[in-house]
Each structure stands twice: as structure tokens, then as C-alpha cells.
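Colleague: Hello! I have a new model to look at and would like to go through it with you, one question at a time. Shall we put it on the screen?

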Amino acid sequence: RGGALFQSCSPMLGEGGRGTHENKDPGSSSTIKVFVRVRPMSTSEKSAGRTENIVSVPTTDTVVMQSSEPKPFTFDYVADQSTTQHEVFDMIGRPFTDSCLK
């Protein structure tokens, strides 16, 4: 709860860094992909008169923090405020579940 802007993020991401972490285990070919979803404004934020988020999503892999000096952050995929739960599941959950069941 509260004012979290991102519903998921990775601790492996440095400022302005790339959101993919290569697994250094020689027996593994996996990578960690980082997907970020920017949530829509809450009802309380809207009723308080806020009209825009403090982040923008200019591309499907970039989030820009709006401030006096805008800061871009790059991820493997960024879902904007209009992305539905169903779309997020189809993008992330379904492939993950399918790979676990193989």
C-alpha cells in the first residue's frame, strides 16, 4: 500500500543501468529479466487533484523519473499505466508458468 510507483523492480538495477542480470554459473544459460509496471494513479491521488504521474514511459523499455533533471531507467520491458493485469500475465506469467511445466 502507499505510494509505490513500481509494482515490481529489481535490486540488481543500478541508476540508469540495464535491467538484465546474467547468471555467471557456467552450467546455467538463464538470465534474469526485469519487467516494471507503472501503476495508474489511485482514487485518492486523483481526488487530491493530481493529474499526472511523476514518471513517464516514452518507450517499452524506459521509465523517466520527472524532476528538475529527468532520469531515465532502462529495463527489459516497461508496462505503462494502461496495461491490464491480463496483458501483464500474458507477457510474464504465462511464459514463466509454461517454462516451469516443461
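Colleague: Let me start with a single side chain. Does V38 count as buried or exposed?

Modeller: Happy to help, and please keep in mind that this is a predicted model. V38 lies in the loop between β3 (35-37) and α1 (43-47). Its relative accessibility is 0%, and buried means under 20%. So V38 counts as buried.

Colleague: Thanks! How far apart in space are V38 and N53, C-alpha to C-alpha?

Modeller: Along the sequence, V38 and N53 are separated by 15 residues. In space, the distance from C-alpha to C-alpha is 9.1 Å.

Colleague: Let me step back to the whole chain. What pattern do its helices and strands follow along the sequence?

Modeller: The protein chain has two helices and seven strands. Reading along the sequence, the pattern is β-β-β-α-β-β-β-β-α.

Colleague: And what share of the residues in the protein chain is buried?

Modeller: The surface is a good place to begin: the protein chain exposes about 7,200 Å², and carbon and sulfur atoms supply 54% of that area. Of the 102 residues in the protein chain, the buried share is 25%.

Colleague: I'm curious about T83 too. Which residues does T83 touch, leaving aside those up to four places away in sequence?

Modeller: T83 sits in the loop between β7 (77-79) and α2 (85-100). With a relative accessibility of 10%, T83 counts as buried. Leaving aside residues up to four places away in sequence, T83 touches R37, V88 and M91.

Colleague: Now the aromatic rings. How is the pair of F35 and Y77 classed?

Modeller: The count of aromatic pairs comes to one. In that pair, the ring centres of F35 and Y77 are 6.3 Å apart and the planes meet at 40°. Planes under 30 degrees apart would count as stacked and over 60 as edge-to-face, so the pair of F35 and Y77 is tilted.

Colleague: Which strands does that pair link?

Modeller: F35 and Y77 are 42 residues apart, so to speak of the pair is to speak of distant parts of the chain. F35 belongs to strand β3 and Y77 to strand β7, making the linked strands β3 and β7.

Colleague: Is F35 buried, exposed or partly exposed?

Modeller: Y77 has a relative accessible area of 24% and is partly exposed. F35 has a relative accessibility of 24%. Buried means under 20% and exposed over 50%, so F35 counts as partly exposed.

Colleague: Let's finish with a sheet. Which strands are the edge strands of the open sheet β4-β5-β6?

Modeller: The sheet is open, has three strands in the order β4-β5-β6, and its pairing is antiparallel. An edge strand pairs on one side only, and that holds for β4 (55-59) and β6 (71-74). On average, neighbouring strands of this sheet are turned by 30° against each other, direction ignored. The edge strands, then, are β4 and β6.

Colleague: One last thing: which residue of β6 stands opposite V64?

Modeller: Strand β5 (residues 62-65) runs antiparallel to β6, and four bridges join them. The two form a hairpin with five residues between them. T62 stands opposite T74 in β6, while the partner of V64 is P72.

Methods: Residues numbered from 1 in each chain as written. Predicted model: local features only at pLDDT ≥ 70, side-chain atom pairs only at ≥ 80, totals over all residues. Heavy atoms only, no water. Buried < 20%, exposed > 50% of the residue type's maximum accessible area, 1.4 Å probe, protein only. Areas by Shrake-Rupley, 256 points an atom, 1.4 Å probe, with all protein chains shown as cover. Contact = heavy atoms within 4.5 Å. Phe/Tyr/Trp six-rings, centres within 6.5 Å; stacked < 30°, edge-to-face > 60°. Pairing = 2+ DSSP bridges. Axes fitted to C-alpha atoms, helices over the stretch in contact; angles between N-to-C directions.
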